Amino acid sequence: MAYRMMLAVNFTSERLKQLKLLGMLTKSQVKAVKEDEKKETIGTLLGLTEEEIQEIAKAKVETSPTKVHETIDEDDTLQPVTKEAIILCGFDHPTVNLLLDAIRRGRLKNVPLKAMVTPNNISWTVDTILQELSKEHEYFHKKR
């Protein structure tokens with residue numbers, strides 16, 4: 001696994017090239033997630049073994065004892081998320097800020113769905129995290 005890695009989901013080849021340039025700026029690898037890889041866990045796509053994923057997942061910090069994350073059933077009733085997403089691993093705050101600023105000021109302008117890898121989501125599939133990010137994105141845009 002690279003020290004810093006971006007998983008890029010739903011990017012066109014041209015926009016993926018732009019993201020890879022930002023990967024050089026942030027000294028991070030960029031891995032394009034293919035359609036058939038969306039059923040795999042974030043940890044697997046980062047190159048971790050199942051044991052490593054479980055070890056990281058054990059470090060979960062409960063944010064609220066009353067709120068338990070409900071895993072999304074990955075059945076055919078859910079609409080696929082087609083918005084672009086980046087999932088960041090190994091980024092510190094200054095590097096995240098550098099990346100987000102470069103996205104806004106550069107040719108990409110916007111990537112609607114963004115997440116950091118955490119002990120809570122490292123064992124989620126890409127489809128699951130896309131569904132969660134999409135729900136959050138819609139919620140915050142409705143509040144505007």
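## A guided tour of the predicted model

Buried residues make up 42% of the 144 residues in the protein, where buried means under 20% relative accessible area, exposed over 50% and partly exposed in between (1.4 Å probe, protein chains only). This is a predicted model, in which local features need pLDDT of at least 70 and side-chain atom pairs count only at pLDDT 80 or more, while totals for chains, interfaces and linings use all residues. Residues are numbered from 1 along each chain as its sequence is written, and side-chain values use heavy atoms, with hydrogens and water left out.

**Start with the whole chain.** Switch on the cartoon and you will find 5 helices and 4 strands. Helices (H or I, at least four residues) and strands (E, at least two) are DSSP runs, numbered from the N terminus. Walking from that end, you pass the elements in the order β-α-β-α-α-β-α-β-α. Contact here means heavy atoms within 4.5 Å. Of the contacts with a separation of 6 or more, 78% are between residues 24 or more positions apart. Now turn on the surface: the protein exposes about 9,200 Å², and carbon and sulfur atoms supply 54% of that area. Accessible areas come from the Shrake-Rupley method with a 1.4 Å probe; for residues, only the protein chains shown count as cover.

**Next, go inside.** Select Leu7 and Ile42, the residues with the most contacts inside the largest nonpolar core, which has 23 residues. A nonpolar core is a set of buried Ala, Val, Leu, Ile, Met, Phe, Trp, Tyr and Cys residues joined through side-chain atoms within 4.5 Å. To see where the core comes from, colour strand S1 (5-9), helix H2 (42-45), helix H3 (50-57), strand S3 (85-89), strand S4 (113-116) and helix H5 (126-142), each of which supplies at least two of its residues. Which element gives the most to this core? That is H5, with 4 residues. In soluble globular proteins, nonpolar side chains tend to be buried together.

Stay on Ile42 and show what surrounds it. Leaving aside neighbours within four places in sequence, Ile42 is in contact with Leu7, Ile87, Val117, Asn121, Ile122, Trp124, Thr125, Val126 and Ile129. Apart from the largest core lies another one, of 16 residues; to find it, select Ala8, Val30, Leu88 and Phe91, which are among its members.

**Follow helix H5.** This helix has 17 residues and reaches 24 Å from its first C-alpha to its last, close to the 24 Å expected at 1.5 Å a residue. The expected span is 1.5 Å times one less than the number of residues. Its buried residues are Val126, Asp127, Thr128, Ile129, Leu130, Gln131, Glu132, Leu133, Ser134 and His137. What do they pack against? Show S1, strand S2 (29-33), H2, S3 and S4 to see their partners.

Further along H5, pick Glu136, which is partly exposed at 44% relative accessible area. Draw a distance from Glu136 to Leu113: the two are 23 residues apart in sequence and 9.0 Å apart in space, C-alpha to C-alpha.

Then select Tyr139 and Phe140. A search of the whole structure finds 1 aromatic pair, and here it is: the ring centres of Tyr139 and Phe140 are 5.2 Å apart and their planes are at 80°, so the pair is edge-to-face. Rings of Phe, Tyr and Trp (its six-membered ring) pair if their centres lie within 6.5 Å; planes under 30 degrees apart count as stacked, over 60 as edge-to-face and the rest as tilted. Tyr139 is partly exposed at 48%, whereas Phe140 is exposed at 54%.

**Finish with the charged pairs.** There are 7 salt bridges to look for, each being a side-chain nitrogen of Lys or Arg within 4 Å of a carboxyl oxygen of Asp or Glu. Here are three of the stops:

- Arg15 and Glu84 form a salt bridge, with their closest N and O atoms 2.5 Å apart. Arg15 lies in helix H1 (residues 13-25) and Glu84 in the loop between H3 and S3, so the pair ties together parts that are 69 residues apart in sequence. Arg15 is partly exposed at 23%, and Glu84 is buried at 11%.
- Glu37 and Lys31 meet at 3.3 Å, N to O. Glu37 is buried at 13%, while Lys31 is partly exposed at 23%.
- Asp101 and Arg105 come to 2.9 Å between their closest N and O atoms. Both lie in helix H4 (residues 93-105), 4 residues apart, about one turn of the helix. Asp101 is partly exposed at 29%, and Arg105 is exposed at 68%.
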